[in-house]
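Student: I'd like to practise reading strands and cysteines from a model. Can you walk me through one?

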Amino acid sequence: MKRAAFGHIGFPILLLLPQLVIIAIFFYWPAAYAVQSSFYAQDMFGFTSTFVGAENYTRLIDSTNYINALNFTVIFTVLVTFFSLGIALLLAVKADKVIRGAKTYRTLLMWVYAIAPPVAGLIGVMLFDQSRGNITQLLAFFGYEYRLGVNYWDTASAMIVVSVWKQIPVNFIFFLSGLQAIPQSVREAAMIDNRSGTSRFWDITFPLLAPTGFFLLIINITYSLFDTFGIIDTIVKGEPGNNPLTLVYRVYVDGFRGGDLGGSSAQSVVLMVLVLILTIVQFRFLERRIHYT
Amino acid sequence: MAQVTLNAVRKVYPNGAEALEPSTFTIPDGELCVLVGPSGCGKSTMLRMVAGLEDITEGEVSIGDRVVNDIDPADRNIAMVFQNYALYPHMTVARNMGYGLKNRGMDRGQIAAKVREAAEMLNLTEFLDRRPSQLSGGQRQRVAMGRAIVREPDLFLFDEPLSNLDAKLRNQMRIEIRALQRRLGTTAMYVTHDQVEAMTMADRIIVLSNGHIEQIGTPNEIYEHPASTFVASFMGAPPMNLLDAEAGQGRVTLPGGEVVPQAGVNGHTGAIKVGIRPEDVAPSAQGDLSFNVDIIEELGAQRLLHGKMAGQDFSVAVPKDQEAATGEMRLALKANAVHLFDADQGRRLG
């Protein structure tokens, strides 16, 4: 790297300052505040707070509800990430082969991207609605009584389906552009080397898509953990009851509905640590196996 | 080992454009045949149809005694070397070379032996564990060659394999490819737009223009007896001079009245094109033709004199030890220097 010629150390700092200020105000300060308040218990109205040490954390470990939410979050994240990546990859591979009307196909497949998460959730709610939902009716036709918001796994599957559906277009766009970045001649060389299209895909195309896939994996895990909030909120309608909840949604429910800011902060800190570990693991172990060209 | 036959092979794209007019020829077993022509002439299309990467609209392609029209590229027993190498970036050199063999179900030990053998032939042994991104352009080209060799194909297909290399390396690789092909005795089709490559490497040259074959012949035949003005001006550097002239009364006259010697017109009359290669004329005080030199180009081994003859552009190549100056001079023709072409179609006369 070439050293830029700045006369004084102050000037580069000045240039970086806006970015640093934004990160500090919107990230470090709330994060620090969350860490701090996770060691305090606040009264119902937020007037007084008492230092309680690690009690907020020990309460979490003992809470079956919290462990259930943790388990569900893991399942939810794995399924949403797997299916949204898998289906998007399949669609991208197929769309990449289309020659006639390629633009129309692609536009149609990307359309869902333009829908806001709460709207997606609403559409999901309508499809899975107890009495009028098309999917509910379809399942009833096959003799299954589908009960959104009542049966735990029925609700969970609706959340997963809507979240996957919402995320496919983003993945699709990235996979498609990744596919189109693979040189035509490399594919042709592979055609001469290998008769089987399936084995060509796994030997050549898939490894060459790996950088895109790795990036999308991180994006999708983050999406499943955090950005599905709007969808979950619409489906459970702020009434957790017996419904499956993700960790992020629990932070909101406990903190803003339950008024337990201390416990809620402790949960955010746990979440923060989990994401940190996950990111380190991904970069340490997965990225090594990827070859950027 | 096999001969390659194209029988009335034609290519029309879905939009109606005819990329290749029905073409028929045979490449005998073990020959290196160069397809040469300007970009868009259909030479790559022809090669890709033989490879199976492009559909054949009409006609038949045979490799050996097998018609391959409906045979998958992987089953044609061919190997192709691409312009941009087309190596698999995520595989080591050894795996790049062995990939095709692996897919044919050859066992690991045998693959490793073949790869090692090819690597030795191409001086790649120390690079077998590297990835393509860690190699230079010339080394990558060698790996692509190695990938082709290990397959022991019936036919090599080269699609402008040297275009991405610098001039010095290109000359060296040209000789290497030629020597290798001779040694292996494998039939080869070689596409290039570079007429020097075509002349130096080919057993047989096919000159293409606008989707049709202009001429098929040995480098010598193409050079000595170009079948059309296109071939005459495309093959040879500097290109052949082509002058407008008139045929009549058994002789050919340049505008301005000078008579072109050596030109037998076979009863042809009217407008005609006279072709003279720059190296087939020499300055001589008793020469039959007058020439006015405008610019002298020094090429080291020879000089090029550019100027006008009978008011038309004309070039003359003279050896480096011959003095040259701008201005009027007279030129004498060497033996068999004059080529005559039809003025409309550009076909060779006689």
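Tutor: Let's take the strands, then the cysteines, keeping in mind that this is a predicted model.

Student: Which way do β1(B) and β2(B) run, and how many bridges join them?

Tutor: For strands, start with a general idea: side chains in a regular strand alternate between the two faces of the sheet. Here, strand β1 (residues 4-12) of chain B and strand β2 (residues 18-27) of chain B run antiparallel, with six bridges joining them. To get your register, find Thr5(B), which stands opposite Thr26(B) in β2(B).

Student: What do β1(B) and β2(B) form, and what about Gly16(B) in the turn?

Tutor: The two strands make a hairpin, with five residues between them. In that turn, Gly16(B) has a positive phi of about 95°.

Student: How many bridges join β1(B) to β4(B)?

Tutor: Five, and strand β4 (residues 58-63) of chain B is antiparallel to β1(B). Look for Arg10(B) opposite Glu58(B) in β4(B).

Student: On to the cysteines: how many disulfides does a search of the whole structure find?

Tutor: The general idea is a distance test: a disulfide needs two cysteine sulfur atoms within 2.5 Å. Over all chains, the search finds zero.

Student: Why is Cys33(B) without a bond to the closest cysteine sulfur?

Tutor: Because that sulfur, in Cys41(B), is 13 Å from the one in Cys33(B), too far for a bond. Cys41(B) is in no disulfide either.

Student: Are Cys33(B) and Cys41(B) buried or exposed?

Tutor: Buried: Cys33(B) has a relative accessible area of 0%, and Cys41(B) has 1%.

Note on methods: Residues are numbered from 1 along each chain as its sequence is written. Chains are lettered from A and ligands numbered from 1 in the order in which they are written. This is a predicted model: local features need pLDDT of at least 70, side-chain atom pairs count only at pLDDT 80 or more; totals for chains, interfaces and linings use all residues. Side-chain values use heavy atoms; hydrogens and water are left out. Two strands pair if DSSP finds at least two bridges between them. Helices (H or I, at least four residues) and strands (E, at least two) are DSSP runs, numbered from the N terminus. Buried means under 20% relative accessible area, exposed over 50%, partly exposed in between (1.4 Å probe, protein chains only).
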